[in-house]
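Here is a walk through one model, starting with a cysteine and ending with two helices. Keep the coordinates open as you read.

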Amino acid sequence: MFDLTELERAHAIVGQAVPATPARGWPLLAERLGTEVVVKHENHTPIGAFKVRGGLVYLDRLKRERPNTPGIISATRGNHGQSLAFAASRHGVPAVIYVPSGNSVEKNRAMRAFGAELVEHGEDFQAAREEAERRAQFAGLHMVPSFHPDLVLGVATYALELFRAAPDLDILYVPIGQGSGICGCIMARDLLGLKTEIVGVQSTEAPSYALSFAAGTIVTTETANTLADGMATRIPDEDALALIRKGASRIVQVTDDEVAAAIRAYWTDTHNLAEGAGAAALAAALQEKSKLKGKRVGLVLSGGNIDFDLFRRWVGTDAPAMA
């Protein structure tokens with residue numbers, strides 16, 4: 001998909017807008033997991049999520065190769081759209097973003113604040129994406145997919161930072177939405193010649209990649225009803241699945257309750273706010289705690305964009321007590 005020189009160049013492009021995010025160990029988190037842990041804090045980017053990197057690299061190439069592009073359009077549950085809106089505004093390109101009805105209020109507000117035209121359509125991400133594709137053809141806009149080599153190249157820059165800061169990780173847990181994050185981690189690991197085991201994480205309520213990984217072919221689901229909206233995917237990308245099956249050891253499924261417990265653990269142990277997908281890696285590690293003793297564990301905290309009402313439900317006064 002790309003080589004180390006291209007990855008280094010992408011890192012320079014991203015670095016113009018996004019300083020390297022921390023890769024940090026937390027004593028209380030290590031105590032909770034019973035082993036050494038390193039957290040990659042992609043919640044510290046300008047949009048509060050790792051996807052900003054992909055948007056910057058994608059728009060950089062688009063503007064160089066198609067400078068007269070009248071505008072871009074895409075569909076999202078939030079972070080992909082924020083990434084494109086942020087990058088498009090830096091390049092002076094109009095952005096139209098489709099989201100499903102009932103999407104995250106805070107993510108919608110953020111996309112509008114970054115300058116995007118926001119359109120709510122359909123009951124889920126797939127319906128929003130199909131409508132965005134129709135409008136792209138009708139209006140002559142450039143359709144940005146959810147998975148693309150340039151998006152993977154961009155988000156792989158966080159993995160480059162992580163693996164250079166912690167090249168001795170034994171295992172790395174990575175959440176899966178459409179797959180760009182875990183594919184970027186696999187590519188960066190392989191380009192650096194490291195042996196870190198990479199484990200994907202999905203919701204039990206949206207397990208399309210986990211089912212496809214096991215079956216060896218695309219398996220879709222009828223619903224994706226997880227509250228961890230960054231993992232709410234019904235239809236895997238074929239190219240992403242191929243790379244994940246080649247480079248990841250397995251995919252762990254976590255429940256919304258396990259995700260909620262992980263969000264609370266991040267809050268109490270590190271005072272960092274994680275959204276559902278952002279806490280999924282920790283949820284998986286806690287599920288597999290008995291297997292991790294003596295290993296150096298990496299966790300991708302992929303984003304912190306959680307709605308206040310859900311934060312209150314999972315972390316605040318409505319949340320159950322946690323040991």
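C183 is buried, with a relative accessible area of 0%; buried here means under 20% relative accessible area, exposed over 50%, and partly exposed in between, using a 1.4 Å probe and protein chains only. Its sulfur sits 9.3 Å from the closest cysteine sulfur, in C185, and that is too far for a bond. C185 is in no disulfide either, and C185 is likewise buried at 0% relative accessible area. With a disulfide taken as a pair of cysteine sulfur atoms within 2.5 Å, the count comes to 0 disulfides.

A quick word on ground rules. This is a predicted model, so local features need pLDDT of at least 70 and side-chain atom pairs count only at pLDDT 80 or more, while totals for chains, interfaces and linings use all residues. Residues are numbered from 1 along each chain as its sequence is written, and side-chain values use heavy atoms, with hydrogens and water left out.

Next, a few residues side by side. Helices (H or I, at least four residues) and strands (E, at least two) are DSSP runs, numbered from the N terminus.

| Residue | Location | Relative accessibility |
|---|---|---|
| H41 | strand β2 (residues 37-41) | 0%, buried |
| I97 | strand β4 (residues 95-99) | 1%, buried |
| D150 | helix α7 | 6%, buried |
| H271 | loop between α11 (256-270) and α12 (276-287) | 64%, exposed |

H271 has a phi near 55 degrees, a positive value in a residue other than glycine. For context, most residues other than glycine have a negative phi.

What does H41 touch, once residues up to four places away in sequence are not counted? Taking contact as heavy atoms within 4.5 Å, H41 touches T21, P22, R24, W26, N272 and L301. The C-alpha atoms of H41 and T76 are 22 Å apart, with the two positions 35 residues apart along the chain.

I97 has its own set of partners: leaving aside neighbours within four places in sequence, I97 is in contact with S74, T76, G81, L84, M111, A116, E117, L118 and V119. From I97 to D170, 73 residues apart along the chain, the C-alpha separation is 38 Å. D150, with the same kind of neighbours set aside, is in contact with G54, V57, Y58 and R61.

Now for the nonpolar cores, each a set of buried Ala, Val, Leu, Ile, Met, Phe, Trp, Tyr and Cys residues joined through side-chain atoms within 4.5 Å. The largest has 63 residues, and I72 and I244 touch the most other members. Helix α7 (residues 149-165) gives this core its largest share, 10 residues. Another core, of 37 residues, lies apart from it, and includes I263, Y266, A285 and L310.

Last, the helix pair. Helix α1 (residues 4-15) and helix α3 (residues 52-65) pack at about 105 degrees, their axes 9 Å apart. That makes α1 roughly perpendicular to α3, a label for angles of 65 to 115 degrees; under 35 counts as roughly parallel, over 145 as roughly antiparallel, and the rest as oblique. Axes are lines fitted to C-alpha atoms, for helices over the stretch in contact, and angles run from 0 to 180 degrees between N-to-C directions. A10, I13 and V14 of α1 meet R53, L56, V57 and D60 of α3.
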